[in-house]
Protein chains: 2
Amino acid sequence: MDAYGDPGLGLLGDPTRRAIFELLARQPCSVGELATRLPISRPAVSQHLRVLKDGGLVVSRAEGTRRVHQLNPDGVTALRAYLDRVWEDALTAFQKAADNAGSEQEKQ
Amino acid sequence: MDAYGDPGLGLLGDPTRRAIFELLARQPCSVGELATRLPISRPAVSQHLRVLKDGGLVVSRAEGTRRVHQLNPDGVTALRAYLDRVWEDALTAFQKAADNAGSEQEKQ
DNA sequence: CGACTCCGTAAGTCTAAGCTTACCGTTCGT
DNA sequence: ACGAACGGTAAGCTTAGACTTACGGAGTCG
């Protein structure tokens, strides 16, 4: 399975992780600041960020003792590309189904 | 959280469910046929389809005793729209960051 | 009607993973 | 150098949910 490869879609399955993803879309953020905006502890945020980073959706830079995290443009692009591939396949499938329906009708 | 609303992204967190999603993109399919193509039992497929249907990603029609399932165009469109919104926010955030960096440099 | 096929649901099990507390390393200010 | 702030990691608990087996309902053909 996973004929299209997984561009990180699975990482956004968890609502909390998706919330972090969305917060980082609005503005780059430190771990502690994310923790204050979310109903989870700081280590939990840190763990989510690690997953997002491993998945290529987030990049981070050191800034003093803080670590500023932000979305990885390439990651979001990969997500969109995945959906576009699926979408294209679905479109051709729809087209094929419509053609078959047409020829079936012509038979009668 | 979920400031953007959830267009069904959470549903694709599970790899197996994502595999079903991708198979349905290539061609409409019955429950039993999906089960043969996947390493899980037929009831498991049925349960995944129920979730996908409730989430608006899949629609199904009866065809004899079979139930043919296929992707819901509106659902995929909603997914793309979600990513586009996030993407747009991220772009403006990038732009703002670049502007700040520029003004910071001018100060020195 | 009766047998067969296809499918959805219920109940129960079990594993993945998300969260917390506790601890330690790193960086900066004084 | 010492203390404080910020953050990553380990260990452990606990729950969500993915899966299976068993069963019942709906449609189809003889």
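Colleague: What makes up the surface near DNA strand C, by class?

Modeller: In this predicted model, that surface has 12 polar, six charged and five nonpolar residues, where Ala, Val, Leu, Ile, Met, Phe, Trp, Tyr, Cys and Pro count as nonpolar, Asp, Glu, Lys and Arg as charged, and the others, Gly among them, as polar. Local features need pLDDT of at least 70 and side-chain atom pairs pLDDT 80 or more, while totals for chains, interfaces and linings use all residues; side-chain values use heavy atoms, without hydrogens and water, and residues are numbered from 1 along each chain, with chains lettered from A in the order in which they are written.

Colleague: Which residues are closest to DNA strand C?

Modeller: Arg17(A), Ser41(A), His48(A), Gly32(B) and Ser46(B) are the closest of the 23 that surround the strand, and a residue is called near because one of its heavy atoms lies within 4 Å of the strand.

Colleague: What makes the pair between Arg17(A) and a phosphate oxygen of DNA strand C a polar contact?

Modeller: A polar side-chain atom of Arg17(A) lies 2.9 Å from that phosphate oxygen, and a polar contact is a pair of N or O atoms within 3.5 Å (within protein, one must be able to donate a hydrogen and the other to accept it, and residues adjacent in sequence count only if both atoms are side-chain atoms), so the pair qualifies. Gln47(A) likewise has a polar side-chain atom 3.1 Å from a base oxygen of the strand.

Colleague: Why is Arg85(B) called partly exposed?

Modeller: Its relative accessibility is 37%, and because buried means under 20% relative accessible area and exposed over 50% (1.4 Å probe, protein chains only), with partly exposed in between, Arg85(B) counts as partly exposed.
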